[in-house]
Amino acid sequence: MSDTQVEPPVPHRGHRYDDGTDLGGDAAGEARAASSPVRVQSPFAPDEANLVAPLTLVLVRHGVTEHTEQRRMSGGGVPGPALSAAGRVQAAKAADLVYGMGRRTWVQLPHVTRVIASPMVRTQETAGALGRRVGAHVETDAGLREVEFGAWEGLTVPEIIARDGDAIHEWRRAEVAAPGGESISRVGPRGHAVVEALAREHAAECMGGRDVPRGIALVSHAVAIKSIVGVALGMPAHRWGAIWPSPASTTILQVRAAKDGTIAETHVLAVGIPVE
């Protein structure tokens, strides 16, 4: 017997705001919404009475680069490399997938109306494809940058082992930092701080009279995304490596914020949806 927990969908109300969350926003939809409950209470969710509307965060990993294809370390300490030709194709596919959320797929989710990216070239290029598709300019947040590999930047795992022995495996288990770089355990709090700030901003907008679901795409990197998910799930840092977002994949988080902006709970709806 499966022990999978299935959470009831959260229906959206039609509304008059032109922010991409107006599913069913015609007159008939508004009439139906006025006579229906605001939300369905899930037995697995915190008390809805103190929560604002859901905030959906779509974490998109950048498309492949030459370093990705060669399995070389690409961290947050240097701007490059740029997307390869294959990576640009992947970015376009990821953009179409994100655009389709709330339209063709994941119809219970709000449309993505903001795109925020790490400052690295590959994420900015991927985010540009998303922004053009959903009609949003790209914002930048350094909290989404990749772990800094320091002396390991541009090296393959065999080259790192030849240079520093078992240190790469200690780093993978979040036990040490890369020489001149970062430890994985520092990336999670940095990335999740972006999530926390967006939750506060969303709650403030909701309490200001626009209590509607919103969707935001965060374009980031493999270690950064797995670390953000790991923090959201309360996993110890040495287990974050078990989360594996492939290039240009999407990971969906539904953040349930309280009226004061604190995060009551985060639902992980999907991890690493591939584009191909």
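**Figure 1. Overview of the predicted chain and its contacts.** Among the contacts in the chain with a separation of 6 or more, 70% are accounted for by residues 24 or more positions apart. The model shown here is predicted, and its secondary structure comes to 8 helices and 6 strands, which follow one another along the sequence in the pattern α-β-α-α-β-α-β-α-α-α-β-α-β-β. The chain has 276 residues, of which 48% are buried. The mean pLDDT of the chain is 88, with 83% of the residues reaching 70 or more; over residues 1-38, however, the pLDDT is below 50, although this stretch has 57 contacts in the model beyond near neighbours in sequence. Where pLDDT is low, the predicted coordinates should not be read in detail.

**Figure 2. The largest nonpolar core and the surroundings of Val219.** This core holds 23 residues, and those that touch the most other members are Val58, Val60, Ala94, Val98, Val115, Leu130 and Val219. Two or more residues each are given to this core by strand E1 (55-61), helix H3 (85-100), strand E2 (112-117), helix H4 (121-134) and strand E4 (214-220). A second, separate core of 21 residues includes Val195, Ala199, Ile216 and Leu218. In a closer view of Val219, and leaving aside its neighbours within four places in sequence, the contacts of this residue are Val60, Val115, Ile116, Ala117, Ser118, Thr123, Thr126, Ala127, Leu130 and Leu144.

**Figure 3. An aromatic cluster of Phe149, Trp152 and Trp171, linked by ring pairs.** The structure holds 2 aromatic pairs. In the pair of Phe149 and Trp171, the ring centres are 5.5 Å apart and the planes lie at 50°, so this pair is tilted. Phe149 belongs to the loop between strand E3 (138-140) and helix H5 (157-164), whereas Trp171 lies in helix H6 (residues 167-172), and the pair thereby links distant parts of the chain, 22 residues apart. In the pair of Trp152 and Trp171, the ring centres are 6.3 Å apart and the planes lie at 80°, so this pair is edge-to-face. Here too the pair links distant parts of the chain, with Trp152 in the loop between E3 and H5 and Trp171 in helix H6, 19 residues apart. Phe149 is buried, Trp152 is buried with a relative accessible area of 0%, and Trp171 counts as buried at 7% relative accessibility.

**Figure 4. Tyr99 with the charged ends of Arg103 and Arg133.** The charged end of Arg103 sits over the ring of Tyr99, at 4.1 Å from the ring centre. The charged end of Arg133 also sits over the ring of Tyr99, at 3.9 Å from the ring centre.

**Figure 5. Helix H7, with close-ups of Ile184 and Gly188.** Helix H7 (residues 184-207) has 24 residues, which at 1.5 Å a residue should span 34 Å, and its end C-alpha atoms are 35 Å apart, which agrees with that expectation. Ile184 has its place in this helix and, at 7% relative accessibility, counts as buried. Not counting residues up to four places away in sequence, Ile184 touches Trp171, Arg172, Ala174, Val223, Ser227 and Trp240, while its C-alpha atom is separated by 9.1 Å from that of Glu148, 36 residues apart along the chain. Gly188, found in helix H7 as well, is buried with a relative accessible area of 0%. Leaving aside neighbours within four places in sequence, Gly188 is in contact with Ser227, Val231 and Trp240; from Gly188 to Val231 the distance is 6.1 Å, C-alpha to C-alpha, with their positions 43 residues apart in sequence. After H7 comes Gly209, whose phi is positive, near 115°.

**Figure 6. Helix H8 and the elements that cover its buried residues.** Of the 11 residues of helix H8 (residues 222-232), 9 are buried, so this helix is largely enclosed by the rest of the structure. The buried residues are Ala222, Val223, Ala224, Ile225, Lys226, Ser227, Ile228, Val229 and Gly230. What covers them includes E1, H6, H7, E4, strand E5 (250-257) and strand E6 (263-273). H8 is followed by Gly234, whose phi is positive, near 70°.

Methods: Residues numbered from 1 in each chain as written. Predicted model: local features only at pLDDT ≥ 70, side-chain atom pairs only at ≥ 80, totals over all residues. Heavy atoms only, no water. Core = buried A, V, L, I, M, F, W, Y, C linked by side-chain atoms within 4.5 Å. Buried < 20%, exposed > 50% of the residue type's maximum accessible area, 1.4 Å probe, protein only. Helix = DSSP H or I, 4+ residues; strand = E, 2+ residues; numbered from the N terminus. Contact = heavy atoms within 4.5 Å. Phe/Tyr/Trp six-rings, centres within 6.5 Å; stacked < 30°, edge-to-face > 60°. Lys NZ or Arg CZ within 6 Å of the ring centre and 35° of its normal. pLDDT = per-residue confidence, 0-100. Expected span 1.5 Å × (residues − 1).
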